[in-house]
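Me: Could you take a close look at one helix for me, and then follow its surroundings out into the rest of the chain? I'd like the reasoning spelled out along the way.

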Amino acid sequence: MRTVLVTGPGGAGRTTVAAATALAAARRQQRVLFLTLESGVPEAALGTPLTGEPTEAAPGLWAARVDTADHFRREFLAFQERAEAALDLLGATPLDEDELTELPGAEIFALLHALRAAHEAGAWDLVVVDLPPADRAVRLLALPEQARRGLRRLLPAERQAARALRPVLAQLAGVPMPAQKVYETAARWEHELAAVQAVIEDPGTSVRLVVEPGPAGAADLRTARAGLALFGHRLDAVLANRVLPTGSADPFLAGLSGQQQAALKELREEFAGVPVHEVRHLGRDPQGLDELAELLDGPAGETGEAGASGAADLTGTVEDRLAEDGLLVWRLPLPGAVRDGLGLVRRGDELIITVGPFRRIRTLPSALRRCTVSGAGLRDGALHVRFSPDPDLWPRERGGPDGR
């Protein structure tokens, strides 16, 4: 099963393009599910109302609007039931269903849950997901990895092994210990987060950026690209939306078209190796399937395997330069990153990398854990971190820095 995640700077028309991507795939005889958080725009484009359950919008195309309020209520009530003993200990009064209002950020968890459920169902050849604007989308895709790391730090497996002692400790302390269900809930969260992370990191999952060509979106697009690369997401295409026809006799339209063509040239230069497709301006927002199909009636609508950039190794590679320079170099692809927005901190066996507004904690490959960081540089769209072997830790028989 393939998954195409569609995002881009706000206001670029990503929701409409995402719906058009799903329709184009369905017209190529694929079974497609389109997921969105939005209302109004996708319904007008598809010509059908959307609910939380997949609705057949066209032959081979099903669409659903993720119901974040319903998901929040179900998850909160389930957690409240599992934590009942702990809440009783605190003297808390449980909340009723009609009291619950979804909290900010609840849509992220609802969308990730819907993506996981779609893959578990196994009923589709392709899932097209209309993500939020790019800055939020990068954080959304990073959430499973970051949340799992937090759970492992707060509830490490070796401490959970002590659960069998809690009844004894409760008798000694004279107060009840936290209920088993609380820890079972943490294990359930870990399982679900791992499943979502597996979908996001699957080789069949790629990201598609939608931008309206012009100077306004260039910086946002560059930041989004760097953030996606930081977390290892494969970029399969850039869709330049609302492109005006060239050669207009109207000076105003000719000026806008010229500005767009200049921006398109810069896009193709910056995204060398990534397909940049033009999505023509219809002169109006698409209404209904026929108009939606006009947007992506060529290569822009293809959703085959990830392209050249998608096949690239975004996890990083270690280059052995011990013989030449006495160094090991960890090369991390970061296209779009700029030197001013880059930060590095070594902490134990981890490297904390900051790229603009985004931050990721990477565990060092085993060989690099026995080294010290001796420098770093951003070159040719990649971060090169240099490591010098620590003489006290590096085994000499494997080629230490003393050459023996």
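Reply: Let's start with α11, where Ser257, Gln260, Ala263, Leu264 and Leu267 are buried. Those five cover an arc of only 125 degrees around the axis, which puts them on the same side of α11. The face turned away from that buried side carries exposed residues, namely Pro251, Lys265, Glu266 and Glu269. Keep in mind that this is a predicted model.

The length of α11 makes sense too. The helix runs over residues 251-270, so its 20 residues at 1.5 Å each should span 28 Å, and the end C-alpha atoms sit 29 Å apart, which agrees. At the start of the helix, look for Asp250: one of its side-chain oxygens comes within 2.8 Å of the backbone nitrogen of Phe252.

What do the buried residues of α11 pack against? They pack against β6 (205-211), α10 (215-230), β7 (235-243) and β8 (276-280). Two of those strands, β6 and β7, are worth following, beginning with their charged side chains.

Arg208 and Asp236 meet in a salt bridge, 3.2 Å from N to O. Arg208 belongs to strand β6 and Asp236 to strand β7, so this pair ties together parts that are 28 residues apart in sequence. Both Arg208 and Asp236 are buried.

A second pair involves Glu212 and Arg242, whose closest N and O atoms are 2.9 Å apart in a salt bridge. Glu212 is in the loop between β6 and α10, while Arg242 is in strand β7, so here the parts tied together are 30 residues apart in sequence. Neither residue falls under the 20% cut-off for buried or over the 50% one for exposed: Glu212 has a relative accessible area of 33% and is therefore partly exposed, and Arg242, at 24%, is partly exposed as well.

Arg242 deserves a second look for its backbone. Its phi is near 60 degrees, a positive value in a residue other than glycine. Why flag that? Most residues other than glycine have a negative phi. Gln29 also has a positive phi, near 70 degrees, and isn't a glycine. Arg242 lies in strand β7, whereas Gln29 is in the loop between α1 and β2 (32-36). Gln29 has a relative accessible area of 72%, so it counts as exposed.

Since Gln29 brings us to α1, let's check that helix against α11. Helix α1 covers residues 14-26, 13 in total, and it reaches 18 Å from its first C-alpha to its last, close to the 18 Å expected at 1.5 Å a residue. As for burial, 13 of the 13 residues of α1 are buried, while α11 has a face that carries exposed residues.

Back to the charges. The salt-bridge count comes to 19, and one more is worth your time. Arg116 and Glu120 form a salt bridge with their closest N and O atoms 2.7 Å apart. Both lie in helix α5 (residues 106-121), four residues apart, or about one turn of the helix. Is each partner buried or exposed? Arg116 has 12% relative accessibility, so it counts as buried; Glu120 has 55%, so it counts as exposed. Salt bridges that share partners also join Arg116, Glu120, Arg188 and Glu192 into one network.

Past α5 you get to the aromatic side of things. The count is one aromatic pair. The rings of Trp62 and Trp124 have their centres 5.5 Å apart and their planes at 55 degrees, so the pair is tilted. This pair links distant parts of the chain, with Trp62 in strand β4 (residues 61-65) and Trp124 in the loop between α5 and β5 (126-130), 62 residues apart. Trp62 and Trp124 are both buried.

One last stop is a loop residue. Thr48 is in the loop between α2 (41-46) and β3 (55-58). With 16% relative accessibility, Thr48 counts as buried. Leaving aside residues up to four places away in sequence, Thr48 touches Glu43, Thr55 and Ala57.

So, to come back to where you asked me to look: α11 has its buried residues on the same side, and they pack against elements that include β6 and β7. Those two strands hold Arg208 and Asp236, which meet in a salt bridge.

Conventions. Residues numbered from 1 in each chain as written. Predicted model: local features only at pLDDT ≥ 70, side-chain atom pairs only at ≥ 80, totals over all residues. Heavy atoms only, no water. Expected span 1.5 Å × (residues − 1). Buried < 20%, exposed > 50% of the residue type's maximum accessible area, 1.4 Å probe, protein only. Arc of directions from axis to C-beta. Contact = heavy atoms within 4.5 Å. Polar contact = N/O pair within 3.5 Å; in protein donor to acceptor, adjacent residues only side chain to side chain. Salt bridge = Lys/Arg side-chain N within 4 Å of Asp/Glu carboxyl O. Phe/Tyr/Trp six-rings, centres within 6.5 Å; stacked < 30°, edge-to-face > 60°.
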